[in-house]
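Biologist: I have the sequence and the fold open on my screen. Can we go through the empty spaces and a few of the packing contacts together?

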Amino acid sequence: KTIGEFVIPHLIANFLKNPRHTLRVEVDNTEKILALIDKGELDFALIEGFFNKSRYGSRLYRKEPFVGLCSVHHPLAGQTIPLSRVFRENLFLREEGSGTRKILEDVLAERNHTIDDFSRVTCISNFGLLEQLVSEGIGITFAGAAIGDSNPNLTRFFVEDWDVQQEFNYVYLPNAGAEPLIDLFENCE
């Protein structure tokens, strides 16, 4: 969902400026998008989350910082804090199957923590609602930098010794002929 809402609207617009181009756009979590690829319903997808690189073909679109986000008025705004401090916050978290959620869970697991270590966790599958609640100072979230950059009411905070980059990858079934379609889509800028 991050990619569809915050990363590729300009790519879609450029592609559709050519009246001969048609496009089906599905904005959903990683799990659901991969299921559509498996069924042959999508030629390719841009995926933020983890996928089995031995099962799918892929090409890196870009990397982006995975950051802590809070309201510009939140006490953590612009601060660098130890990981232990972040657990006192209400965490707004994406739904199961979300690439954003999986990245956070994996980063925490590498440090012997889970999302259960937060004082409160609120699961929300809609980015608009999640952004609104975070911008009102009710809690924090972790996501791609593009989300914070797109909302003037949000700002970053930093966790000590935490430099996480997330990948956005084109993903497709091998030998399905998706590479020329990706080239066409990507080169319309």
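Biologist: To start inside, how many cavities of 30 Å³ or more does the structure hold?
Modeller: Bear in mind that this is a predicted model; with that said, the structure holds 1 cavity of 30 Å³ or more.

Biologist: What volume does the largest cavity have, and which residues line it?
Modeller: The volume of the largest cavity is about 50 Å³, and its lining consists of Phe-92, Leu-93, Arg-94, Thr-100, Arg-101, Leu-104, Phe-127, Thr-141, Phe-142 and Ala-143. At least two lining residues each come from β4 (90-93), α5 and β6 (141-144).

Biologist: And by class, how does that lining of the largest cavity divide?
Modeller: The lining of the largest cavity divides into 6 nonpolar, 2 polar and 2 charged residues.

Biologist: Switching to the pockets, how much space lies in the second largest one?
Modeller: The second largest pocket holds about 270 Å³ of space. It is lined by 16 residues, of which Phe-50, Ile-103, Gln-165, Gln-166 and Glu-167 are the closest to its centre.

Biologist: Which elements give two or more residues to that lining, and which gives the most?
Modeller: Two or more residues of the lining come from α5 (99-110) and from β8 (164-172), and β8 gives the most, with 5 residues. By class, the lining of this second largest pocket has 7 charged, 5 nonpolar and 4 polar residues.

Biologist: Now the helices: at what angle do α2 and α8 cross?
Modeller: The axes of α2 (residues 9-16) and α8 (residues 178-186) cross at roughly 95° and come within 9 Å, which means that α2 is roughly perpendicular to α8.

Biologist: Which residues make that contact?
Modeller: On α2 the contact is made by Leu-11, Ile-12 and Phe-15, and on α8 by Leu-184, Phe-185 and Glu-186. These residues of the contact between α2 and α8 divide into 5 nonpolar, 1 charged and no polar.

Biologist: One last topic, how many aromatic pairs does a search of the whole structure find?
Modeller: The search finds 8 aromatic pairs. In the pair of Phe-44 and Phe-185 the ring centres are 5.8 Å apart and the planes lie at 55°, so this pair is tilted.

Biologist: Where in the chain do Phe-44 and Phe-185 sit?
Modeller: Phe-44 is in the loop between α3 (30-38) and β1 (45-47), whereas Phe-185 is in helix α8, so that the pair links distant parts of the chain, 141 residues apart.

Technical notes
Residues are numbered from 1 along each chain as its sequence is written. This is a predicted model: local features need pLDDT of at least 70, side-chain atom pairs count only at pLDDT 80 or more; totals for chains, interfaces and linings use all residues. Side-chain values use heavy atoms; hydrogens and water are left out. On a 1 Å grid over the protein atoms alone, a cavity is a set of points where a 1.4 Å probe fits but cannot get out, and a pocket is an open set with protein on both sides within 12 Å along at least five of seven lines; lining residues have an atom within 4 Å of a point. Grid points are joined across faces, edges and corners, and a volume is the space filled by probe spheres set on the points. Helices (H or I, at least four residues) and strands (E, at least two) are DSSP runs, numbered from the N terminus. Ala, Val, Leu, Ile, Met, Phe, Trp, Tyr, Cys and Pro count as nonpolar, Asp, Glu, Lys and Arg as charged, and the others, Gly among them, as polar. Axes are lines fitted to C-alpha atoms, for helices over the stretch in contact, and angles run from 0 to 180 degrees between N-to-C directions. Angles under 35 degrees count as roughly parallel, over 145 as roughly antiparallel, 65 to 115 as roughly perpendicular and the rest as oblique. Contact means heavy atoms within 4.5 Å. Rings of Phe, Tyr and Trp (its six-membered ring) pair if their centres lie within 6.5 Å; planes under 30 degrees apart count as stacked, over 60 as edge-to-face and the rest as tilted.
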